[in-house]
Amino acid sequence: MLLLLAACLSSAVQATKASPWNTKTAQQLASIDDDIARNSSMPGYFDDIEISECRFSENGFDWHLIRFASVARPNGPLWMVPHDDENAAFEAVIAALKVHGGVAVVVNSGPGSARRQVGNGTCGVKTDVVTACDPNRNFSATSPKFTDAFLGQRAAGHPVIALHTNSPGFSGDGKDGRGEITILDAGAWVRGKMQPRPDGHFAISPAVEMANYDTLGLTAYLSKEGKPAANAIACRNAMNSAGVHFWHERVTRSDGSMSNFLALNYPSIAYFNAESRLEVDLGLAAARHKVMVAAYLNGCVKSGDQPVP
């Protein structure tokens, strides 16, 4: 196990030690965060949600994280939105907090909603000096402040759920793909075959809005184990039956993502990643997250850390 240094302490220790998390109102943060600005004028949007911020520097990058906590039910999942430019994921995480409770931590890269954090230093597992750091590749023992700022907010026994809005996976899907997240096997497509990527599984009778190949859920497993655990397979079967494409991400060494970091260092913590294809209509992309989260919580999570049937 890795020993993490606390960058932003959880509310559980605030009574005994001053916390870098500072409570704010939506109006106070609207000028520096476009997601809050986009929604702060909507009546009731942030009702029953406590907002706080944390700022710190690490490895040459200055980070600004914003925490959203359910006032009524803070003891729930830890939600993550590591990419500031994935606006639908932000919409979805606020909705998820209101339905399921818990705490959400999101990255604010500035009022312009950038994907990477500008700076000059090392990022995650990479040792090269870079001028832009992908937040979702910065979970590492070499970035303990950043990593613990997220995991330090997790309530024991609850899963970590990351929400992402991604570009279409590859050009073969007819959607001018640019990203790597897709349930399809790109190589097979070139050979004239439509099949899921290795360790991927198509949804069973998905609804129209869920049928695109760049919307999927995933969990991670270690390559040395040979195959996903029985409970992970049961989770996938439940989600496939709920109409969600599913991918078992095989992890050999960390790429700096939270899924890889937890699989390699904290395998007892349940982690789920929901990927929704980018849409002009934020509501459509966010609605897919709602479906995937409900399918995961209903079909995969019981008490304790591990997904179970």
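Here two people talk through helix 4, its aromatic rings and the nonpolar cores of a predicted model.

Colleague: How do you know what to count in this model?

Modeller: The model is predicted, so local features need pLDDT of at least 70 and side-chain atom pairs pLDDT 80 or more, while totals for chains, interfaces and linings use all residues. Residues are numbered from 1 along each chain as its sequence is written, and side-chain values use heavy atoms, leaving out hydrogens and water.

Colleague: What makes helix 4 largely enclosed by the rest of the structure?

Modeller: Helix 4 covers residues 144-151, and 7 of its 8 residues are buried, so the rest of the structure largely encloses it. Helices (H or I, at least four residues) and strands (E, at least two) are DSSP runs, numbered from the N terminus. Buried means under 20% relative accessible area, exposed over 50%, and partly exposed in between, with a 1.4 Å probe and protein chains only. Among the buried residues of helix 4 are Phe146 and Phe150. Its buried residues pack against several elements, including strand 2 (49-58), strand 8 (160-166) and helix 7 (258-265).

Colleague: Why is phenylalanine 146 called buried?

Modeller: Its relative accessibility is 0%, and the cut-off is under 20%, so phenylalanine 146 counts as buried.

Colleague: Why is the pair of phenylalanine 139 and phenylalanine 150 called edge-to-face?

Modeller: Rings of Phe, Tyr and Trp (its six-membered ring) pair if their centres lie within 6.5 Å; planes under 30 degrees apart are stacked, over 60 edge-to-face, and the rest tilted. For phenylalanine 139 and phenylalanine 150 the centres are 5.2 Å apart and the planes stand at 80°, so the pair is edge-to-face. Phenylalanine 139 sits in the loop between strand 7 (130-133) and helix 4, and phenylalanine 150 in helix 4, 11 residues apart. Together with Phe61, Trp63 and Phe146, they form one aromatic cluster.

Colleague: What makes a set of residues a nonpolar core?

Modeller: Its members are buried Ala, Val, Leu, Ile, Met, Phe, Trp, Tyr and Cys residues joined through side-chain atoms within 4.5 Å. The largest such core here has 38 residues, and Ile36, Phe68 and Ile94 are among those with the most contacts inside it. Helix 3 (residues 87-100) gives the largest share of this core, 7 residues.

Colleague: How do you know that lysine 98 lies over the face of tyrosine 45?

Modeller: A charge sits over a ring if NZ of Lys or CZ of Arg is within 6 Å of the ring centre and within 35 degrees of the ring normal. Lysine 98 lies over the face of tyrosine 45, at 5.4 Å from the ring centre.

Conventions:
Contact = heavy atoms within 4.5 Å.
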